[in-house]
Amino acid sequence: KSSSKYNEEISSDSETESATAPKKRQSTEQIEYEETPQEKKLRLAKLYLEQLKEEEEKKAEEASFETDLIAGRLQEEVLEQRGKLQRLIAKDLIPPDPSEIRMFRGHKLPITCLVITPDDKYIFSAAKDCSIIKWDVESGKKIHTIPGGRKGTEDRHVGHTAHILCMTISSDGKYLATGDMNNLIMIWEAESCKHLYKFTGHKGAVSGLSFRKGTHDLYSASHDRSIKVWNVDENAYVETLFGHQDSITGLDSLSRERCVTAGGRDGTVRVWKIAEESQLVFHGHEGSIDCIQLINEEHMVTGADDGSVCLWSVNKKKPLSTVKRAHGCHGDAGIEQPHWVSSVAALQNSDTIASGSHNSEVKVWKCGQNYRGLEPLFSVPVSGFVNSLKFSSSGQFLVAGVGQEHRLGRWWRLKEAKNGIYVIPLKRKPSDPDETKITAGSIL
């Protein structure tokens, strides 16, 4: 009996459960059926329309963002081609801590010139010891050294046997070109440092070299007062241009078929239109113009031994802006002489430039709007003659090639200086995330 009773109890429990369950089902069914088929269709239609609306709005936002990006990029490219692009970067730069400045040592004699590869991973430097060193930027280690040879060993030595005065690298990073006091231009494979060609033809020291951006056309300047054009792919000489009245001290070019030169003691800066075989002549400095660099296709910066730094437009015969005694003076009272400006550099398509002398500092400058006006941003302590300056293409660092002597002679010797390369980080102020995006975009 007890067992049957137990069974009954179990069955009665199950009954109650089953009895309550249909009630729940009934209630839900009642709720469901309160909505007529037409109402249900209407509700689903509204839901569908809302989803479509949301998707379309999202697509429109993305499309407008993309078109803004594309429009911005196209606008920048047009301005760059016209030579009017001026990204405002200087306002965000802050002086680096001296402990963050790294020094690479390897050359026995003063550094005369350097270049940074387009990907910012390597630096090539050359010196009065006739050697070339390839450095890894991140580790600071030597990747490759091309030793210099002794005078008289030109026939058997692969490399330079005289002071190297200038160097350049093609925009695709394939070729490296170097020029020396023996009137020679050497072409190297940048990746492997393998010697490829030797260009002869100049009758004086080769003082300036530059590859036209996006090509393998090479422009060279010399103390023989001429400019020569070469095609490195074909291992060929193209033409010679004349015009300067004294030794040419520097040369630069970008993507247009033209180059700019500094004429040293003839006191002129010249823009050479290669295809038209014509030149524009500019006057402004009082001393020997020793260095030149293009900021964009329309503007350039020069430095001279009268201590001045000048900003130029290719459309104006006089400087847009001049800073006299940019690096101060030295000497006894009454007969002070300005420190010579031995190197200049420009962060391409921006408002930031740098200059070097032998007053133990590299100066970073901010260009005014439309390149009218120059104001100092900060100085970086560097002991010795700053013979070469280059900004990395990303704008993340500045490299200075330093020596105990000036690259073109031995007028002074600063014994306390060390021959080496200084890598100076360009730090930026912490800013709002939105602003950071804009700045990062502008740098890229």
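# Chatting through strands, turns and cores

Student: In the hairpin of strand 17 and strand 18, which residue takes a positive phi?

Tutor: Glutamate 277 does, with a phi near 55°, and that hairpin has 4 residues between the strands. Keep in mind that this is a predicted model.

Student: OK! How many bridges do strand 17 and strand 18 pair over?

Tutor: Strand 17 and strand 18 (residues 278-283) pair over 6 bridges, in the antiparallel sense. One pair to look for is threonine 268, whose bridge partner in strand 18 is histidine 283.

Student: And what pairing sense do strand 16 and strand 17 have?

Tutor: Antiparallel again: strand 16 (residues 258-262) pairs with strand 17 over 5 bridges. Here valine 260 has valine 271 of strand 17 as its bridge partner. Strands 16 and 17 also form a hairpin, with 5 residues between them, and glycine 264 in the turn has a positive phi of about 60°.

Student: Is strand 17 mostly covered or mostly open?

Tutor: Mostly covered. Strand 17 spans residues 268-273, and 5 of its 6 residues are buried.

Student: Back to those positive phi values. Which residue in the loop between strand 12 and strand 13 has one?

Tutor: Arginine 225, which is not a glycine, yet has a positive phi of about 75°. Arginine 225 sits in the loop that runs between strand 12 (217-222) and strand 13 (226-231). As background, most residues other than glycine have a negative phi.

Student: Where is tyrosine 371, then?

Tutor: Tyrosine 371 lies in the loop between strand 27 and strand 28. Its phi is positive too, near 65°.

Student: Why does tyrosine 371 count as buried, while arginine 225 counts as partly exposed?

Tutor: Buried means under 20% relative accessible area, and partly exposed runs from there up to 50%. Tyrosine 371 counts as buried because its relative accessibility is 2%. Arginine 225 is partly exposed because its value is 39%.

Student: New topic: how many disulfides are there?

Tutor: The structure holds 0 disulfides. Two cysteines worth finding are cysteine 193, buried with a relative accessible area of 8%, and cysteine 259, buried at 1%.

Student: Which residues touch the most other members of the largest nonpolar core?

Tutor: Val362, Val382, Leu389 and Leu398 do, in a core of 20 residues. At least two residues of this core come from each of strand 27 (361-367), strand 28 (374-381), strand 29, strand 30 (397-403) and strand 31. There is also a second, separate core of 16 residues, with Val301, Val309, Leu320 and Ile353 among them.

Student: What does leucine 398 touch?

Tutor: Not counting residues up to four places away in sequence, its contacts include Val362, Leu389, Phe391, Tyr422 and Ile424. In soluble globular proteins, nonpolar side chains tend to be buried together.

Student: What's the strand order in the open sheet of 4 strands?

Tutor: The order is 2-31-30-29, with antiparallel pairing. Strand 2 (102-104) and strand 29 (385-391) are the edge strands, so called because each pairs on one side only. From one strand to the next, the twist averages 25°. Strand 2 meets strand 31 (residues 420-425) over 3 bridges, and the partner of arginine 102 there is valine 423.

Student: Last one: how many helices and strands does the protein chain come to?

Tutor: It comes to 3 helices and 32 strands. The chain has 444 residues, and buried ones make up 48% of them.

Notes: Residues numbered from 1 in each chain as written. Predicted model: local features only at pLDDT ≥ 70, side-chain atom pairs only at ≥ 80, totals over all residues. Heavy atoms only, no water. Buried < 20%, exposed > 50% of the residue type's maximum accessible area, 1.4 Å probe, protein only. Pairing = 2+ DSSP bridges. Axes fitted to C-alpha atoms, helices over the stretch in contact; angles between N-to-C directions. Disulfide = S-S within 2.5 Å. Core = buried A, V, L, I, M, F, W, Y, C linked by side-chain atoms within 4.5 Å. Contact = heavy atoms within 4.5 Å.
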